[in-house]
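The following note sets out several points for a colleague who is beginning to read protein structures. Please keep the sequence and the model in view while working through them.

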Amino acid sequence: MASSNSTPPTASDDDDREPFSVPPRQKVLGTKSWLVVSELGESRNEKVGKYWIMRRTGLPARDLRVLDPMLSYPSTIMGRERAIVVNLEHIKAIITAKEVFLLNSINPLVVEFVQDLQHRISSLHGTPTRQRDELGSDDKAEWPTQGQRKGTSQSPAEKNDFNPQTTGEIAEAECPKVVPFEFRALEACLESACKCLESETKTLEEEAYPALDELTTKISTLNLERVRQIKSRLAGISGLVQKVRDELEHLLDDDKDMAEMCLTEKLISNSLDEASLEEEVNPAPELENYR
């Protein structure tokens with residue numbers, strides 16, 4: 001039998017080969033840059049993965065797919081336990097009771113939206129102070145002096161004329177309810193999306209009228225093609241507007257979705273429940289001595 005000429009590999013041959021290395025897991029693929037705006041109007045950029053966002057907002061992975069720019073999802077507003085997901089035109093945001101997370105932060109329209117949101121927050125924080133100053137100045141101007149108070153007398157009926165309902169209405173008028181942060185942010189999202197659609201409509205309108213005039217004056221292939229393109233763009237804008245309108249109508253008709261969007265109210269309720277549970281588990285020392 002003929003012997004084989006092949007020789008077994010030596011240790012030196014194995015050393016010459018390049019070792020097989022498994023490429024490290026690329027965690028960077030799921031990382032995105034988010035612009036975070038707090039309830040105080042402060043903004044910062046955070047480059048984090050989707051699992052961090054899921055833990056921070058309590059959203060499942062399927063809800064984050066709505067914000068993926070590579071997927072063509074229609075206009076969407078979804079209320080969840082701890083967050084609101086908004087996908088309207090250029091606005092792709094997650095709203096919580098304390099923060100807003102935004103994608104596409106370098107988009108000029110998103111930058112304009114952030115500035116508008118910060119302006120709303122700053123004006124809201126400044127309103128109570130101005131109202132208190134105005135109320136204080138009015139009280140000082142209308143409050144009678146000591147001599148005036150001595151010179152006027154009230155009848156017993158006037159002194160006893162106290163209506164709690166009227167007093168409550170006056171208190172509500174002087175101290176208006178503050179809109180929660182999540183609804184102010186959602187209002188800014190809707191306004192920004194509507195402004196974008198309105199701007200596109202005005203631009204198209206400025207192009208449509210001269211094109212129609214040209215077509216009326218001279219019917220040619222070039223003018224017909226131009227009008228056809230404008231009509232196609234108009235149909236696209238009309239479809240976007242209809243999608244936003246349908247989403248808003250669906251949201252307003254669903255009481256459950258509307259209730260899910262009250263994030264601040266749920267956060268306060270959960271905090272009170274946790275405090276009450278902690279008091280039951282760990283009662284105060286005075287109560288222990290009393291027992």
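1. Strand 6 is a good place to start. This model is predicted, and in it strand 6 covers residues 99–102. Glu99 and Phe101 point one way from the strand, while Val100 and Leu102 point the other way. All of these residues are buried. In a regular strand the side chains alternate between the two faces of the sheet.

2. The next point is the sheet to which this strand belongs. The sheet is open and has 6 strands, in the order 2-1-6-5-4-3, with antiparallel pairing. Strand 2 (43–49) and strand 3 (76–79) stand at the edges; each has a single partner strand, so one side of each is left without a neighbour in the sheet. On average, neighbouring strands of this sheet are turned by 20° against each other, direction ignored. As general background, strands of a sheet pair through backbone hydrogen bonds, either parallel or antiparallel.

3. Which strands pair with strand 6? One is strand 1 (residues 31–38), which pairs with strand 6 in the antiparallel sense over 4 bridges. Here Ser38 has Glu99 as its bridge partner in strand 6. The other is strand 5, which pairs with strand 6 in the antiparallel sense over 3 bridges. In this case the bridge partner of Ile95 is Val100 in strand 6. Strand 5 and strand 6 form a hairpin, with 3 residues between them.

4. Strand 5 (residues 91–95) also pairs with strand 4 (residues 84–88), in the antiparallel sense and over 5 bridges. Val85 stands opposite Ile94 of strand 5. The loop between strand 4 and strand 5 contains Glu89. This residue is not a glycine, yet Glu89 has a positive phi of about 55°. Glu89 counts as partly exposed because its relative accessibility is 21%, whereas buried would require under 20%.

5. A similar case deserves a check in the loop between strand 6 and helix 4 (108–142), where Asn104 is found. Asn104 is not a glycine either, and its phi is positive, at about 55°. With a relative accessible area of 32%, Asn104 is partly exposed.

6. The nonpolar interior should be examined next. In soluble globular proteins, nonpolar side chains tend to be buried together. The largest nonpolar core here has 28 residues, of which Val86, Ile95, Val100, Leu102, Phe113 and Leu117 touch the most other members. Strand 1, strand 4, strand 5, strand 6, helix 4, helix 8 (181–217) and helix 9 (221–253) each give two or more residues to this core. Helix 8 gives the most, with 7 residues.

7. What does Ile95 touch, not counting residues up to four places away in sequence? The list consists of Arg82, Ala83, Ile84, Val86, Val100, Glu182, Ala185, Leu186, Cys189 and Leu263. Apart from the largest core lies another core, of 14 residues, among them Val48, Ile53, Met78 and Ile94.

8. Finally, is Lys266 buried or exposed? Lys266 lies in helix 11 (residues 263–281). Its relative accessible area is 18%, so Lys266 is buried, the limit being under 20%. Leaving aside neighbours within four places in sequence, Lys266 is in contact with Arg80, Glu81, Ala259 and Glu260.

Key
Residues numbered from 1 in each chain as written. Predicted model: local features only at pLDDT ≥ 70, side-chain atom pairs only at ≥ 80, totals over all residues. Heavy atoms only, no water. Pairing = 2+ DSSP bridges. Axes fitted to C-alpha atoms, helices over the stretch in contact; angles between N-to-C directions. Buried < 20%, exposed > 50% of the residue type's maximum accessible area, 1.4 Å probe, protein only. Contact = heavy atoms within 4.5 Å. Core = buried A, V, L, I, M, F, W, Y, C linked by side-chain atoms within 4.5 Å.
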